[in-house]
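Thank you for making the time this morning. I would like to go through one model with you, moving from single residues to whole chains and then to the contact between them.

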2 protein chains.
Amino acid sequence: MGGIQARMEAVLARLLPSAGIAPARLHAAMRYATLEGGKRVRPLLAFAAGELTQADPARLEIAAAAVEMIHAYSLVHDDLPCMDDDVLRRGKPTVHVEYDEATALLVGDALQALAFELLVAHRLADDAEAQLEMVHLLAAACGSRGMAGGQAIDLEATGRPLDLAELEFMHIHKTGALIRAAVRIGAACGTPLAAAAREGLDHYAKCIGLAFQVVDDVLDAQASTATLGKTAGKDAAQGKATYVTVLGAAAAREFAEALRVEAKQALSKISASAAASACGARTDRLAALADFIVLRKF
Amino acid sequence: MGGIQARMEAVLARLLPSAGIAPARLHAAMRYATLEGGKRVRPLLAFAAGELTQADPARLEIAAAAVEMIHAYSLVHDDLPCMDDDVLRRGKPTVHVEYDEATALLVGDALQALAFELLVAHRLADDAEAQLEMVHLLAAACGSRGMAGGQAIDLEATGRPLDLAELEFMHIHKTGALIRAAVRIGAACGTPLAAAAREGLDHYAKCIGLAFQVVDDVLDAQASTATLGKTAGKDAAQGKATYVTVLGAAAAREFAEALRVEAKQALSKISASAAASACGARTDRLAALADFIVLRKF
């Protein structure tokens, strides 16, 4: 896992425009927003899914970088004063604090464009149709019926109580969609999966996408700012509904655990399917990530 | 021209998510930002370039909508308080005034994603490789070395004098890149052009992209807010370098006129080239648009 994280750091550093190229301040801020930070959960998932389909790591690193740039852009825009108004991210001042609001806005805009550019500027699938489908997956995952839509639902919901169904609807969009896309795009870099295996993988991705957010909510309520590298306790301070406010901390942890079990069951079905069994147990990394996502402390 | 504008209004209305779909407020704001406004210069250029390559209008309307959504997103973000802080656009309150800043931010983010989704969700070129190249053109045109980069250069330059070369560098990125992409993507919907014709078309696009901005600067300095549908005289008020401040109004008009002539000369070369001459004079619309862009009063 550490190997892929280190590899991704180098890949992102290579794929982001140099701070020596005009516009220099924008490029420096794009690098600041993306490099040296984060758990790289989405790239790890893309690599793990690519292991299942025997994808070329040279393809996976580009696909993973594209997804991570979308994630980085979303954090920069989320932290802006008109959104969460946060000053700390990954243990550093947020982009609009370190630079300025206008630059942070453009950093997010340009990172989104760069993500799509990466997905088409390199050969990432055996045929071009499959690669168009990868772009489609990413675009849908970050649009108004994906991540950006989840943010909008979050805005509308702030300050009023949500029930569990509304909370889940929000998070399926806000964080789940991009996590699911990371898994599907990683898998798409390799040999196409049979329909049953593809459905199993997608079910895994949905479970861990939701589990990721449940655990995030628990950590936000219980961990310290120093551990998280971002402001802790923000949700409560902003009157936001979370899995902890709706379910309570203990039930939220149990829910995350149930999702972890369900995700791993989905993987078992993939391993058991005829197509995959011939190729050995290549769901190990996906299983390990389900554990990591639910059992993490930061 | 009016026919294409009316057609684009219907196409955009169809392709934008309905305001009845959740998140409803975001979708309503995306429609507010995109519909009922603008000259639709980029769609007109895409259609005109597609006429040259005998492109199917059903493809052109999708490609043109994608480019127009990028343009609409850029206006919404430009108008935000941290950027130009403008309250009027296309004769209506800007999105952050009509809705709120957070919604305006998400409108731009989601429109960008939707533009890319449109370019891959429909068959727009005879082969998938060519379609990947269309996505590449759009992504490069709106990223840090295109439109977003031009915005960043604009930010860095505000309040200090620019020379003509710096001003041109800024505008080639800020407005020129997307106009050029509109022309190239429109042409790519049809029969591939020979290299010489493609270069001629690109030269035309560069000339009219720059001319568009020169005329914008002249109009900003000379026309009224009512005529423009956006706040007039903003450039001077913000201490921004423009073609009027650098060259003076008369020389700026002459420069735009010279670019119009150069653009039309580039078209003549396309018409004269063997490949195109067999198919008649299908640069008429492109020529008419060069006139429209330079001679317009709003």
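Let me begin with the convention behind the labels, since helices and strands here are DSSP runs, of at least four residues for a helix and at least two for a strand, numbered from the N terminus. Please keep in mind throughout that this is a predicted model.

With that numbering, G229(B) falls in the loop between α11 (225-228) and α12 (234-237) of chain B. Is G229(B) buried or exposed? The answer lies in between, because G229(B) has 16 C-beta neighbours inside 10 Å and therefore counts as partly exposed, the threshold for buried being 20 or more. Leaving aside residues up to four places away in sequence, G229(B) touches R90(B) and G91(B). By contrast with those contacts, the C-alpha atoms of G229(B) and L114(B) are separated by 26 Å, the two residues being 115 apart along the chain.

A second single residue, this time in chain A, is R7(A), which sits in helix α1 of that chain. R7(A) is also classed as partly exposed, because 17 other C-beta atoms lie within 10 Å. Its C-alpha atom and that of E61(A) are separated by 8.1 Å, although these positions lie 54 residues apart in the chain numbering.

Now to the backbone geometry. As a reminder, most residues other than glycine have a negative phi, and most peptide bonds are trans. Against that background, the peptide bond from A22(A) to P23(A) is cis, with omega near 0°, and P23(A) has its place in the loop between α1 (2-15) and α2 (24-34) of chain A. In chain B, the bond from A22(B) to P23(B) is cis as well, with omega near -5°, and P23(B) is found in the loop between α1 (2-15) and α2 (24-34) of that chain.

Two residues deserve a look for their phi. Q54(A), although not a glycine, has a positive phi of about 55°, and it lies in the loop between α3 (41-52) and α4 (57-78) of chain A. Q54(A) counts as exposed because it has 11 C-beta neighbours inside 10 Å. D85(B), again not a glycine, has a positive phi of about 50° and belongs to the loop between α4 (57-78) and β1 (88-89) of chain B. With 14 other C-beta atoms within 10 Å, D85(B) is partly exposed.

Let me turn to helix packing. Two packed helices are described by the angle between their axes and the distance between the axes. For helix α3 (residues 41-52) and helix α9 (residues 164-188) of chain B, the axes come within 7 Å and cross at roughly 35°, and the crossing of α3(B) and α9(B) is right-handed. On the α3(B) side the residues that meet the partner include L45(B), F47(B) and L52(B), and on the α9(B) side they include L178(B), I179(B) and V183(B). The residues of this contact divide into 11 nonpolar, two polar and one charged.

Taking chain A as a whole, there are 16 helices and two strands. Its C-alpha atoms fill a box of roughly 50 × 50 × 30 Å along the principal axes. The radius of gyration of chain A is 18 Å, which agrees with a compact globule, because a globule of 298 residues would have a value near 19 Å. Of those 298 residues, 54% count as buried. Among contacts in chain A with a separation of 6 or more, 72% are accounted for by residues 24 or more positions apart.

Finally, the two chains together. The contact takes 43 residues from chain A and 43 residues from chain B. On the side of chain A, the elements giving two or more residues are α2, α6 (101-121), α7 (128-142) and α8 (147-157), and the largest share, 14 residues, comes from α6(A). That side divides into 26 nonpolar, 10 polar and seven charged residues.

How are the chains related? Chain A can be laid on chain B with an RMSD of 0.0 Å by a turn of 180° and a shift of 0.0 Å along the axis, which means the relation is that of a two-fold axis. In chain A, the C-alpha nearest this axis belongs to A128(A), 2.7 Å from it. The same surface serves both copies, with 100% of the contact residues of chain A recurring in chain B.

Technical notes:
Residues are numbered from 1 along each chain as its sequence is written. Chains are lettered from A and ligands numbered from 1 in the order in which they are written. This is a predicted model: local features need pLDDT of at least 70, side-chain atom pairs count only at pLDDT 80 or more; totals for chains, interfaces and linings use all residues. A residue is buried if 20 or more other C-beta atoms lie within 10 Å of its own, exposed if 12 or fewer, and partly exposed in between; C-beta atoms are placed from the backbone. Copies are superposed by least squares on the C-alpha atoms of residues with pLDDT of at least 70 in both. Two residues are in contact if their C-beta atoms, placed from the backbone, lie within 7 Å. The radius of gyration is taken over C-alpha atoms; the globule rule is 2.2 Å times the number of residues to the power 0.38. Ala, Val, Leu, Ile, Met, Phe, Trp, Tyr, Cys and Pro count as nonpolar, Asp, Glu, Lys and Arg as charged, and the others, Gly among them, as polar. Axes are lines fitted to C-alpha atoms, for helices over the stretch in contact, and angles run from 0 to 180 degrees between N-to-C directions. A crossing is left-handed if the near helix is turned anticlockwise from the far one by less than a right angle, and right-handed if clockwise.
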